[in-house]
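Work through the exercises below with the sequence and the structure in view, and try each task before reading its solution.

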Amino acid sequence: MLEKIRADLDKLSGAERRVAELVLAQPYTVMQSAVSDIATSAGVSQPTVIRFCRSMGFSGLSDFKLKLAGILVGGVPYVHSSVRPEDPVSEITAKVFDNTVTALLKCRNDINPQAVDAAVDLLAGARRIEFYGLGNSGIIAADAQHKFFRFGIPTVAYADSHIQIMAAAVLGEGDVVVAISSSGRSRELMDAVEMALSTGAKVIAITVPDTPLAEKATVTLEVDSPEDSETYSPMLSRILHLVLIDILTVGVALKRGPGVVTQLEKAKRSLKQKRLRGDEEHD
């Protein structure tokens, strides 16, 4: 429905087009608004709002809002809706949720299963795993290290470019670097990746397709999400990167078999003993 409105913009009169643009920009607000509020927000008369609904093939505003509610509540619009300064909090909330779910669905449909399988094989057989990320991606690297060290594989995360290149220089055959980047073009990260490859280590990239990092890596898990990273810090790519780390975590756990369960149980026992000691100290 929203795509049809967008496609028919040029067919509408100037006043009806303003109503259409309001619907596209703030669908949740329109769904909950009276005809007078819609007319005021669009800068048109109330009859124009009704004419717009009929131009779209509906009997009136009530019919239009009923169908609009059906697509917004019943499913996520497969479009990226930019947050605007004039958006009310209800619209911002809906857009952030919808954009996130849409990005997740797109990533699920686009991901290359063979690439995921190859990445899991490399990680499951790794002698050592190092996670590299700069800025926002450094947080993802830290989260990945927190998950993977419990498998009993020597694992570390670095978010400093100088340390990354020094650490990469002492890697070797059997070691794996997971390089995480929302741009795929950081020169500092590329320096560390190239150094790791020169030592015989393998590199798994979680990044944007058709970028220097994607092309250089041994295996690339492509993440392509539309977002305004100039205005806001990367949000969608961060969530997608975290999900891909979770996928790799589960894949490696299954690949390594029962031994992983033993490692996790050992870690849980250690944590439980620490908590008991802490309780005793407080008694």
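## Exercise 1: Two cysteines

Decide whether Cys 53 is buried or exposed in this predicted model, and then do the same for Cys 107.

Solution. Step one takes the cut-off, which is that a residue counts as buried under 20% relative accessible area. Step two applies it to Cys 53, which has 1% relative accessibility and therefore counts as buried. Step three turns to Cys 107, which at 13% relative accessibility also counts as buried. As a last step, look for disulfides, of which the structure holds 0.

## Exercise 2: The setting of Glu 130

Find the strand in which Glu 130 lies, and describe what surrounds this residue.

Solution. Begin with the position, since Glu 130 belongs to strand 1, which covers residues 128-133. Next comes accessibility, where a value of 2% means that Glu 130 counts as buried. Then follow the side chain of Glu 130, which makes a polar contact of 2.5 Å with the side chain of Tyr 132. Finally, leaving out residues up to four places away in sequence, Glu 130 touches several others, including Val 156, Tyr 158, Ala 167 and Leu 171.

## Exercise 3: Two helices

Work out how helix 10 and helix 11 are oriented to each other.

Solution. First locate helix 10 at residues 161-169 and helix 11 at residues 187-198, whose axes lie 8 Å apart at an angle of about 10°. Angles under 35 degrees count as roughly parallel, and helix 10 and helix 11 are therefore roughly parallel to each other. The residues of their contact divide into 7 nonpolar, 2 polar and 2 charged.

Note on methods: Residues are numbered from 1 along each chain as its sequence is written. This is a predicted model: local features need pLDDT of at least 70, side-chain atom pairs count only at pLDDT 80 or more; totals for chains, interfaces and linings use all residues. Side-chain values use heavy atoms; hydrogens and water are left out. A disulfide is a pair of cysteine sulfur atoms within 2.5 Å. Buried means under 20% relative accessible area, exposed over 50%, partly exposed in between (1.4 Å probe, protein chains only). Helices (H or I, at least four residues) and strands (E, at least two) are DSSP runs, numbered from the N terminus. A polar contact is a pair of N or O atoms within 3.5 Å; within protein, one must be able to donate a hydrogen and the other to accept it, and residues adjacent in sequence count only if both atoms are side-chain atoms. Contact means heavy atoms within 4.5 Å. Axes are lines fitted to C-alpha atoms, for helices over the stretch in contact, and angles run from 0 to 180 degrees between N-to-C directions. Angles under 35 degrees count as roughly parallel, over 145 as roughly antiparallel, 65 to 115 as roughly perpendicular and the rest as oblique. Ala, Val, Leu, Ile, Met, Phe, Trp, Tyr, Cys and Pro count as nonpolar, Asp, Glu, Lys and Arg as charged, and the others, Gly among them, as polar.
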